[in-house]
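Q: I'm new to reading protein models and would like a close look at one part of this one. Could you take me through the sheet and what sits around it?

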Amino acid sequence: MATSVSTQDPFKYTTIAHSGHHYCSPLSADTAASLLAALQLQAGALVLDAGCGKAALLRDLLASQPVRGVGVDINPAFLAEAANAWAASNPGDGRLTLIASQLEQHPLPADGYDAILCVGSTHALGGFEPSLALYRQWLKPGGVLLVGEGYWKQPPSNEYLMTLGATEDELSSHAENIARALAQGFKLRLAMASSDGEWDWYEHMYCQAVMQYAASHPQDPDAPAFRDRARRWHDSYLAAGCSTLGFGFYLLEKS
């Protein structure tokens, strides 16, 4: 029998599924630290975290470098978690601004951003290339973009595409992602990809969080559908996703 979802909160499932994650992407602390160090920002630089989620990457950047940050997202639960975490670890530090807004509608600084982070949120602007084009407009000359984007390790099966709710032409290869960024007028500083271990940990935590929620909230009418959705997703990851879907990080400079 099919289960229905009664929630009126469009962010409920993803908020639950990422409740145990620091980053809402297949990214480890060591990889994140290396990527942030590679930004090579000047003191006082203004950084946008586009589709920031919990703004974890931006918070880590601000904690390690004397820069200012703006995080923009539409999930109020993620933004509240980010605000509380920053206030708890950095009391009185006003360098982080969090904005609940669609990306294209948030107030832009008059002279642009020194750097933009977009790790897993290109869908918010219609895909990889539209995001690159818009972020290039928002960057100052010489500004840098750290963008995360999926890619195919191998051609996806029709069954896996059905699970994703995607079409094969929505993603390309790791090398083609780089070529598309260069075609938009960026210089490539660094390209790397999530490891199998980073993917496994991300997907394990994602499924485990939903399962634990469903078990501890038996009266929630959404729990059965959430549990079934998470189980199907994780089964698909083990069967095909881990060998098919990759995630790349591209550090680009506006030329």
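A: Here is a walk through the sheet, then what packs on it, and then some single residues and spaces.

Keep in mind that this is a predicted model. Let's start with the sheet itself. Seven strands build an open sheet, and if you go across it you meet them in the order E3-E2-E1-E4-E5-E7-E6. The pairing in this sheet is mixed. At the edges you'll find strand E3 (96-100) and strand E6 (186-193), each of which pairs on one side only. On average, neighbouring strands here are turned by 15° against each other, direction ignored. As background, strands of a sheet pair through backbone hydrogen bonds, either parallel or antiparallel.

Now zoom in on one pair. Strand E1 (residues 46-50) and strand E2 (residues 68-73) run parallel, and five bridges join them. If you want a spot to click on, Leu48 stands opposite Val70 in E2. How hidden is E2? Five of its six residues are buried, so E2 is largely enclosed by the rest of the structure.

Next come the helices that go with these strands. Helix H4 (residues 76-89) lies across E2 and E3, and runs at about 165° to E3. Helix H5 (residues 128-138) also packs on the sheet. H5 touches E1, strand E4 (113-119), strand E5 (139-152), E6 and strand E7 (245-254). The direction of H5 makes about 165° with that of E5.

What about the nonpolar residues? The largest nonpolar core has 47 residues, and Leu39, Leu41, Leu57 and Leu61 are those with the most contacts inside it. Helix H8 (residues 196-216) gives the most to this core, with six residues. To get a feel for one member, pick Leu39: leaving out residues up to four places away in sequence, Leu39 touches Leu61, Leu117, Val144, Leu146, Arg189 and Leu251. There is also a second, separate core of 24 residues, which includes Leu46, Leu125, Phe128 and Val147.

Let's stay with E7 for a moment and look at Gly246, which sits in that strand. Gly246 counts as buried because its relative accessibility is 1%, and the cut-off for buried is under 20%. Not counting residues up to four places away in sequence, Gly246 touches Glu149, Gly150, Tyr151, Lys153 and Trp199. Compare that with where Ala133 lies: Gly246 and Ala133 are 113 residues apart in sequence and, C-alpha to C-alpha, 23 Å apart in space.

Ala133 comes up again with Gln184, a residue in the loop between helix H7 (174-183) and E6. With residues up to four places away in sequence set aside, Gln184 touches Glu129, Leu132, Ala133 and Arg136. Gln184 has a relative accessible area of 24%, so it is partly exposed. The C-alpha atoms of Gln184 and Lys254 are separated by 9.3 Å, although these residues are 70 residues apart along the chain.

Two loop residues next to E1 in the chain order are worth a click too. Gln40 lies in the loop between helix H2 (29-38) and E1, while Ala55 is in the loop between E1 and helix H3 (56-64). Gln40 has a positive phi of about 55° although it is not a glycine, and Ala55 has a positive phi of about 55° although it is not a glycine either. Buried or exposed? Gln40 counts as exposed, at 61% relative accessibility, whereas Ala55 is buried, with a relative accessible area of 0%.

Finally, the empty spaces. The structure holds one cavity of 30 Å³ or more, and the largest cavity has a volume of about 70 Å³. Among the residues lining the largest cavity are Tyr160, Trp199, Glu203, Trp233 and Leu245. Helix H6 (158-164), H8 and helix H9 (223-244) each supply at least two residues of this lining, and H9 has the largest share, with four residues.

H8 turns up at a pocket as well. The second largest pocket has a volume of about 190 Å³. Of the 13 residues that line this pocket, His22, Tyr23, Leu27, Ser28 and Trp201 are the closest to its centre. H8 gives the most to the lining of the second largest pocket, with four residues.

Definitions and conventions: Residues are numbered from 1 along each chain as its sequence is written. This is a predicted model: local features need pLDDT of at least 70, side-chain atom pairs count only at pLDDT 80 or more; totals for chains, interfaces and linings use all residues. Side-chain values use heavy atoms; hydrogens and water are left out. Two strands pair if DSSP finds at least two bridges between them. Axes are lines fitted to C-alpha atoms, for helices over the stretch in contact, and angles run from 0 to 180 degrees between N-to-C directions. Contact means heavy atoms within 4.5 Å. A nonpolar core is a set of buried Ala, Val, Leu, Ile, Met, Phe, Trp, Tyr and Cys residues joined through side-chain atoms within 4.5 Å. Buried means under 20% relative accessible area, exposed over 50%, partly exposed in between (1.4 Å probe, protein chains only). On a 1 Å grid over the protein atoms alone, a cavity is a set of points where a 1.4 Å probe fits but cannot get out, and a pocket is an open set with protein on both sides within 12 Å along at least five of seven lines; lining residues have an atom within 4 Å of a point. Grid points are joined across faces, edges and corners, and a volume is the space filled by probe spheres set on the points.
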